[in-house]
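Dear colleague,

I am handing over the structure below, together with some notes on what turned up when I went through it. Please read the notes with the coordinates open beside them.

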Amino acid sequence: MNLPPKLSFAHLPTPLEPLLRLSAHLAGAQIWIKRDDQTGLAGGGNKTRKLEYLLAEAKSQNARTIITGGAAQSNHCRQTAAAAAHEGFRCVIVLSGRAPAQASGNILLDELLGAEIVWAGAELRTAVMQSTFEKEKSAGNAPYFIPIGGSNPLGAASYVAAVQELQSQIQSIAELKTASPAFTHICFASSSGGTHAGLAVGGKAFLPETQILGLSVDEPLDHLKAIVAPLATATAQLLSLPYTFTPPDIHANADYIGAGYALMGNRERETIRLLGRLEGLLVDPVYTGKAFGGLIDLVQTGAIPRNGRVLFWHTGGQPALFAYADQLS
Ligand SMILES: *Cc1c(COP(=O)(O)O)cnc(C)c1O
């Protein structure tokens, strides 16, 4: 495997821990967690790994301004703002909708981290991202464009490296090292597909007996697989790994989207409270609360068998909790 150059601002390796009280409570498969909500900078999350590679490319191209975008409560934009500040870039983020009367959650943090926010308003966010890039370019500000979620092959490559990191952690924990496989499943929240693609490639290279199961938080099943498969193929190619993926090669589940993207229902709310009280662990209303709620259901219904061992890859998102305070308290 040929990993591209990267910067080093993430706190790695992230902890790998068993969730003993939750596993006892559910009395099903053993559940472990990989704490990518603890990747450092301003609150952590899965985008920080991707940004180590993306900002290295931005530097190599002598860029001075980072342009990206996302939903109003985008964790990706907040982590991009933090990484850009840390590396001395200007950062412009395009957010969906209009500025709220009172900035909270990730929007407040974006401002504190010095990002310039462009609100897309009634326009299409992708179009505004593109026009913002063109404007910065004509102004001579040397912009570097990061797609939604940092989900291109370079960003996804960070999750191939992350599986290598996990594999070496497994080797240092006797209970996991002697099990075969160490984990029957790896579950995580999937949306723009970069994490999913990277984990699929990394799984194939380093943990071939483990099912890499992305839980969709927004995309219908066929659409998600159609995004992830070509991205995984391109990521493998970037790393000189001889793998190709078609949609049937990608494991995904879209049964726990609930009311839709960023909409919190009872399952998400109960999952947030259960993990808080049993494990002292925070998951978020948009991504990890949905995905972990799905994992719990898969364990309770036996879809993930009792003798299995499942890893939940925590991707972060906790700042959004504060933006949902009125629905959580
Ligand atoms: C962005 C994000 C995801 C989804 O990752 P993708 O690579 O975009 O699929 C999951 N969880 C959290 C908390 C995120 O911010």
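What follows covers the ligand site, a loop residue, the cysteines and some details of the backbone.

Please keep in mind throughout that this is a predicted model.

The ligand sits in the largest pocket, where 16 residues surround it, the closest being K47, K50, S192, T195 and T315. In terms of secondary structure, α2 (47-60), β7 (185-190) and α8 (194-206) each supply at least two residues of the shell around the ligand. Three side chains can be named for their polar atoms: an N or O atom in the side chain of N46 is 3.0 Å from an oxygen atom of the ligand, a polar side-chain atom of K47 is likewise 3.0 Å from a ligand oxygen, and for T195 the distance between a polar side-chain atom and an oxygen atom of the ligand is 2.7 Å. Taken alone, the ligand exposes 380 Å², and the protein buries 98% of that area.

The loop between β2 (30-35) and α2 holds D37, which counts as buried because its relative accessibility is 2%. The side chains of D37 and Q38 are joined by a polar contact of 3.2 Å.

As for the cysteines, the structure holds zero disulfides. Why is the sulfur of C77 too far from the closest cysteine sulfur for a bond? That closest sulfur belongs to C91 and is 7.5 Å away, whereas a disulfide would need the two sulfur atoms within 2.5 Å. Seen from the other side, the closest cysteine sulfur to that of C91 is the one in C77, so the distance of 7.5 Å is again too far for a bond. C77 counts as buried, at 0% relative accessibility, and C91 is buried as well, with a relative accessible area of 4%.

Some backbone details also deserve a look in your viewer. A cis peptide bond joins L12 and P13, with omega about -5°, and P13 is found in the segment before β1 (16-18). The peptide bond from S180 to P181 is also cis, with omega near 0°, and P181 belongs to the loop between α7 (174-177) and β7.

Although A142 is not a glycine, its phi is positive, at about 45°; this residue lies in the loop between α5 (125-138) and β6 (143-145) and counts as partly exposed, at 22% relative accessibility. S240, which is not a glycine either, has a positive phi of about 60° and is placed in the loop between α9 (221-238) and β9 (251-253).

With best regards

Terms used
Residues numbered from 1 in each chain as written. Predicted model: local features only at pLDDT ≥ 70, side-chain atom pairs only at ≥ 80, totals over all residues. Heavy atoms only, no water. Buried < 20%, exposed > 50% of the residue type's maximum accessible area, 1.4 Å probe, protein only. Near = heavy atom within 4 Å. Polar contact = N/O pair within 3.5 Å; in protein donor to acceptor, adjacent residues only side chain to side chain. Areas by Shrake-Rupley, 256 points an atom, 1.4 Å probe, with all protein chains shown as cover. 1 Å grid on protein atoms, 1.4 Å probe; cavity = no way out; pocket = protein on both sides within 12 Å on 5 of 7 lines; lining within 4 Å. Sits in = over half its atoms within 2 Å of the grid points. Helix = DSSP H or I, 4+ residues; strand = E, 2+ residues; numbered from the N terminus.
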